[in-house]
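Student: Hey, I've just opened this one and don't know where to start. Can you walk me through it?

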Amino acid sequence: MFNIVKKSIQWGEEELTLETGKVARQADGSVIATLGETSVMANVTFAKAPKPGQDFFPLTVHYQEKYYAAGKVPGGFFKREARPTEKETLTARLIDRPCRPLFVPGFKHEVLVMCTVLSHDLVNEPDIVAMIAASAALTISGVPFMGPIAAARVGFADGEYILNPEVDDMQKLRENPEQRLDLVVAGTKDAVMMVESEAYELSEAEMLGAVKFGHEAMQPVLDLIIDLAEAAAKEPFDFQAPDYSELYAAVKAAGETEMRAAFAIKDKQERTNAISAAVASIKDKMSEEQLADANLGSAIKKLESSILRGDIISGGARIDGRDNTTVRPIVSEVGILPRTHGSSLFTRGETQALVVTTLGTGDDEQIIDALHGNSRSNFLLHYNFPPYSVGEVGRVMGPGRREIGHGKLAWRALQAVLPAATDFPYTIRVVSEITESNGSSSMASVCGGSLSMMDAGVPLKAPVAGVAMGLILEEDGKYAVLTDILGDEDHLGDMDFKVAGTENGITSLQMDIKVAGITPEIMEQALAQAKDGRMHILGEMNKALSAGRQEFSAHAPRIETMQIPTDKIREVIGSGGKVIREIVEVSGAKVDINDEGVIKIASANGEAIQKAYDMIHAIVAEPEEGQIYTGKVVKLVDFGAFVNFFGKRDGLVHVSQIANTRLNHPSDLLKEGQEVKVKLLGFDDRGKVRLGMKMVDQETGQEIAPEAKSE
């Protein structure tokens, strides 16, 4: 009934297995990849004909984490997996980015890749397994895919690179000073296709070494996929890349002069309008048959590309007049919004980000429900890209894959320099509103985010800047690496290589390639050029602000922390939360307590914080023997008086300790509700408190000297 093909290798410390032929047999390609006890199923289907008039490649990648994979039930009211989580969206992008450039040029059939996590051992991260499974499924499906690719995760600790570190090591990256890198690299046999990383100020050499290490480590996986394909691959789909050389020649003859003049315009909006006019002019000169050709759009794009790329490769200036290493003019401003906790406006050429920082309390932390368990994040970064930022109209909906991906890249770049939660007990939310865009708005978000947090008083370890690099790579091997690319250079170029970091090193690296990979030499040049650009940008940012402000905004909450014994947590919370609610209501401050006994007290009012602190201290503190306290008489009995002297703590003043004269009854000197000064004499054998009054001056609260008592 089944035609099962199964291949395995030892990869690092785990066994990697690829299996096909048993599950999802109606898909064009289906592979279950297993690393340790983490299993991901990848299924590939593709349309056997393109849609009429289709002028782009419609590849869709989905990645799904099923909670049953880790033996969990989903949270929420409906108890089922719903919209993709941020992790699922980011992993789908990880799979898409190295695979998309490897489809045969001109292939415009719809392709669907679905990866489903079936089992998670909480040790091996399923995203790497999903990338391998997707590559294997594409390779055996028959679709015109020039793979395979493979992927690996690389850690860096104690000067050594680590292949596929465990989930816990990566989840606690910020808490583990020894682990300095979480890098995912994907590539073919000969070249790197994609890099995604967060790092803790690694040098360019260390980062390049990590990429090389990952690329070398994935070679056995590529051999394994080829081995599987030799035994199980379907017949290649009969596809011939369309020849539109004649159409391109007609397009070039009809509009090269006008298109060249359009690309000579430096202003983006004027250039965009001129290019649109040139395209319209070209179409006016085409025959009905040429207009109906689905490759007309590709021919026009090829003309645009040849003009932009040719000028750069020939040593000419870029379309805005810069050379290959110059960064566009930068203006940095901070404190521009009066009611926010921190704000900045970062403008680089025609790209601009308005970035706002808000400081919150523990109640504002992000709760993350994931396969490996629940966690909380006290640093949030949200990126918004409205249509007006590129002069367009369009529907405004929720964040898409692009917004989530760009926001996470900026998050990775900035989280490496945040202060420890114990030193700065705030939840930090950064929002980047892209108000203008012409290339690398994610890196503008990094620069603006760094300035905005410093404006809010966040004590960053160092300012962070980011820059986007581009590449023009011709078939004859000639290439040019471009610093601070424009939107057109990204769109018509061969690489988008984003590097962010401090003066001391790299904190985030993201690379996407549109050609069949790049060599280490090109990457080394890009990293060196990016460092120069980053240093220049940091210098420009420092003109506005170079470190966190010493004072918070008047509108930001103040947070004080205190540590109490864990056995006192129940007393502070009270039955059903009664005590902590009373503290909040009486003081006016927000109070948050965790399982380790760390209490955060937050308010914009310092008096409210102090009142809450005193109330909590009265509950958890222990009275000290020999100290003098002010208390109230709560009950009189024949043998003495009970005094409430410390929070809700009562103690007995024996009748012999009330005064230096003999009393018939405590009521001779005291009455209930009377305020008295008492000294804590100690505790009896049963732990009960013994208090004394006669050795304390009831007027001043000072202890009476022994010689005075003898008189």
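**A first look**

Tutor: Sure. Of the 711 residues in the chain, 51% are buried. Keep in mind that this is a predicted model.

Student: How many helices and strands are there in the chain?

Tutor: The chain has 17 helices and 29 strands.

Student: And what radius of gyration does the chain have?

Tutor: The chain comes out at 34 Å, while a compact globule of 711 residues would be near 27 Å. Along the principal axes, the C-alpha atoms fill a box of roughly 120 × 65 × 45 Å.

Student: OK, new topic. There's an open sheet of five strands, so what order do they come in?

Tutor: The order is 11-12-13-17-16, and the pairing is mixed. Strand 11 (330-334) and strand 16 (379-384) are the edge strands, each pairing on one side only. On average, neighbouring strands of this sheet are turned by 15° against each other, ignoring direction.

Student: How many bridges join strand 11 to strand 12?

Tutor: Five, and the two strands run antiparallel, with strand 12 covering residues 342-348. To pick out one bridge, Glu333 has Leu345 in strand 12 as its partner.

Student: Which strands does helix 11 lie across?

Tutor: Helix 11 (residues 441-455) lies across strands 11, 12, 13 (351-360), 16 and 17 (427-436). Helix 11 runs at about 145° to strand 12. Helix 13 (residues 520-542) packs on the sheet too, touching strand 11 and strand 12. The direction of helix 13 makes about 40° with that of strand 11.

Student: Last one: what's the accessible surface of the chain?

Tutor: About 33100 Å², with 49% of that belonging to carbon and sulfur atoms.

Key:
Residues are numbered from 1 along each chain as its sequence is written. This is a predicted model: local features need pLDDT of at least 70, side-chain atom pairs count only at pLDDT 80 or more; totals for chains, interfaces and linings use all residues. Side-chain values use heavy atoms; hydrogens and water are left out. Two strands pair if DSSP finds at least two bridges between them. Helices (H or I, at least four residues) and strands (E, at least two) are DSSP runs, numbered from the N terminus. Axes are lines fitted to C-alpha atoms, for helices over the stretch in contact, and angles run from 0 to 180 degrees between N-to-C directions. Contact means heavy atoms within 4.5 Å. The radius of gyration is taken over C-alpha atoms; the globule rule is 2.2 Å times the number of residues to the power 0.38. Buried means under 20% relative accessible area, exposed over 50%, partly exposed in between (1.4 Å probe, protein chains only). Accessible areas come from the Shrake-Rupley method with a 1.4 Å probe; for residues, only the protein chains shown count as cover.
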